[in-house]
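Trainee: Hi! Got a few minutes to go through this structure with me?
Mentor: Sure, let's bring it up.

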Amino acid sequence: MKRIANRQYLWIGAIFVVLALVPLFIDNNYYITILNQMVINMIVVFGLNFITGLTGQMNLGTAGIYAIGAYTSALLSKNFGISPWLTMMAAICAGFLLGRGLGYPSLKMKGVYLSLTTLAFTEIVRIFATNLIDITGGTQGINDIPRFAVGPVMLDTNTKYFYFILVVAVLVCLLSIRIVYSKWGREFRAVRDNADAIESLGLDIKKIKIRAFTLAAMYGTLGGALYAHFNSYITSLSFTTDLSINYVIILMVGGIGSILGNMVGAVVVTLLPELLRFLGDYYQITYCILVLISALFLPNGLVSIYGKITGLLNKGSSAEGGE
Amino acid sequence: MEQTQVVLEVQNLVKRFDGLVAVDNLNFKVKKGRIHALIGPNGAGKTTTVNMITGDNPQTEGEVLFYGKSISKMPIYERASLGIGRTFQNIKLFSTMTVMENLLIGGQGKTTQNLLKYLANFKLAQREERQLREKAEEILNFIGMYKYKDEQVSNLAYGRQKMTELGRTLMGDPKLILLDEPAAGLNPSERKEFIDIIQKVFENNVDMFLIEHNMDVVMNLSHDITVLNFGCKIAEGDPKSILENEEVISAYLGEGYRKQMKKEAGQDA
Amino acid sequence: MGSIIVQLIISGIAMGFIYALVGIEYTLIWNASGVLNFSHDKLITLGAYIFGGTYIVGMQLGFVEGILLSIVTVAVIGIIIAKVIFIPLRNLTMIYTIMATVMLGKIIVEAIRLYWGPVPFSVPGFLVGTVKINNIVISIANIVIIIAAAICVCALQLFLYKTKPGKAMRCVAQNRNASQIMGIDVKTVMIITIIISMVICCLIGILVSPLLNISTTMSNMIGLKGFAAGVIGGFGYLPGAIVGGLVIGIVENLASMVFPAVYKDIAAFVLLVAFLLVRPKGITGKTR
């Protein structure tokens, strides 16, 4: 366990270093935009990993959560001139309230209720965002959402902003590592493994699940806020159920429950549309079939391939055994 | 000598499932320093009774008292944190985790439940984790499982898994352990080992309440026995008096068993 | 005023029957295989496309032939989907089953887009017109929906309680493992269930085609509200789905008198969360 974790840290570090180096070689603004989106996706999926990856409760409301974060930060900073630093904090607080408010009714019972309520929640957010035109701009959206400065450096280019969110991602990743590889992560995994046994050990399973969901919501709203200030423009058209599903795909393709898997998933799934672009009209259907195959035949994601290969290479080594 | 203290008491306990009465007006007391067994034929309501005591499936009527205090309306985890530990008839472990991790989870109900405080205070986090690990290692030694501590539990033999479950329960410092069929599925040597450990735990001042089908285990371990049949108590007393009880013999043990027991007793003497 | 309320209630009942059918359609699969079918709204869409796109607009068949051929077609597709997706899924954990059905739905949508093209269309002349009784104007589509859905519900009940495969389905719904031990071929039961569920989806698609344009997103809301119907009525309990569906249909139509029409779609979700908070077992109080 320890050794696997250590090797995983190395890979996590390596991915961050490579990401940090990429803008030195690429100055195409389009690719920098994709990089930004990739790291934002990473942050959101680090959060989703708590509830869907570790505790195994399906959350299909990431788009709604993300939208709440984006609108909170965008509206407060644009309409009231509050510093984006503070509005991003406000977005995280909104995530906390959301996690508690939505988590309580849907997680107090066993079963599929969370997936249904979160799915419905995303629809509610989308309907309000589309129709409260005076506030959200509807499908026209909000533009000119301000960028901000870190000390003396104004984050006016996408490259500068990229380095800012990369730092945020590293911090968020460290926080995730600290939670996942501690007693909290153990509790989360215990819920997935055998929910019936937990209460008999003096632990309140509702609390554990709500805690995991609240963390997911806070990461999600942070990601949404970062996205709003990065893109400077948000519209209700982006926050669809498909976006929620896309985050679960990232989680699943990378490897459920593993932080390294989240990162690999974010990289691969964000780049995949670019790689499959040559397929034209058939891109979407190919993409979906690939994901379906991975759900059926590679349930532990891409990181498990690495585990299998190293397992074959040094057979007999006792470090084998997944996450 | 003063009156022995009552650890657990059930009063007029009733459980109905859609009109079917599974347990009817059950009363008994588990006394301090005694191993108490609940026996009876299949479908007599034994597991139902345990589930009422733990809160997994609360009673329709009646009261459950733990050290004189009513716990009948408490959720499962609160009863557990008061000191009621349990094992399950079909082992319920966290199967993708190691033996060590299973034990650690068993103990962490008593650690800080405030995530923010934990994250802010590195020292506290480290100290908690170290104390948990030390305690887990001590228990692993006690149950003879230390060398398996980094094995994933799903790779262990059934007997080892059962032992892991007991270890996990011990991590919560229980005052009373409810054992649901501890000997089921074990081979004779595993069974003997398990009984020895239960004895040792009991000697460390933990009271036991068990459901068991294997009469050897029951007669060897328990001081008091309650016999259930069709949800009703038909007898109560020490092992010897239970063996002599005509109603118990006809409902559960059967004539053959008494003869066999007498024969064995004769051989031992 | 009174006649408007009556009209709203009648169209509410019609929509309610649609939600009830959606609730039944996914509850059947849930009970048989423990898989929550997130592709069901796309299967409804597929039914509408097969009926409207291929048999009516494409091949210019009559409505009756079109409906019958659509049912046969989806039944065949149902067998394929059952064997390729649902049977392999039944032993996986929830995340994978949900994602696999979600991806199945997306694949269906993409296939629809590639095969029938992205432009929405409508079925000309299918269930148009209104009837006037006193002051109350009712569309023929609504009347047909109510009658057809009622027949469908009764037929299903007869099938479940009077036929051998139906009884096997109820056994599997009660306890899959025990049914297997008792000699029921669970896989066959699952295939039958999925075919029935697909046929109901197809009927829903056909029934709503006079109300909505046929497009790839036509049934997104219906699918979601069908889920809500199941929870509000009592999750996993077939009569519960019917009650829940009718409640949602009527409440959302009456709500559109008080609130702006664009928020009509929210009523179902507010009810869903309210029920989870106050009465998680649903109106009927029975879940599986």
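**Chain and domain contacts**

Mentor: Let's start with chains A and C: their contact takes 31 residues from chain A and 32 residues from chain C. Keep in mind that this is a predicted model.

Trainee: Okay! Which helices each supply at least two residues of the side of chain A that touches chain C?

Mentor: On chain A those are α4 (84–107), α5 (113–131), α11 (241–254) and α13 (283–297).

Trainee: And where does the largest share of that side come from?

Mentor: From α5(A), which gives 10 residues to the side of chain A that touches chain C.

Trainee: What about the classes, how many are nonpolar, polar and charged?

Mentor: On the side of chain A that touches chain C, 22 residues are nonpolar, seven are polar and two are charged.

Trainee: Switching topic: how is chain B divided?

Mentor: Chain B has domain 1, covering 1–83 + 174–269, and domain 2, covering 93–173. Taken over C-alpha atoms, the centres of these two domains of chain B are separated by 27 Å.

Trainee: How many residues of each are in contact?

Mentor: In chain B, 11 residues of domain 1 are in contact with 11 residues of domain 2.

Trainee: Which helices supply at least two residues each on the domain 1 side?

Mentor: In chain B, α2 (76–82) and α7 (188–203) each do so for the side of domain 1 that touches domain 2. The largest share of that side, four residues, comes from α7(B).

Trainee: And how does that side split by class?

Mentor: The side of domain 1 of chain B that touches domain 2 of chain B has seven nonpolar residues, three polar and one charged.

Terms used. Residues numbered from 1 in each chain as written. Chains lettered and ligands numbered in written order. Predicted model: local features only at pLDDT ≥ 70, side-chain atom pairs only at ≥ 80, totals over all residues. Domains from an automatic or database assignment. Contact = placed C-beta atoms within 7 Å. Nonpolar A, V, L, I, M, F, W, Y, C, P; charged D, E, K, R; others polar.
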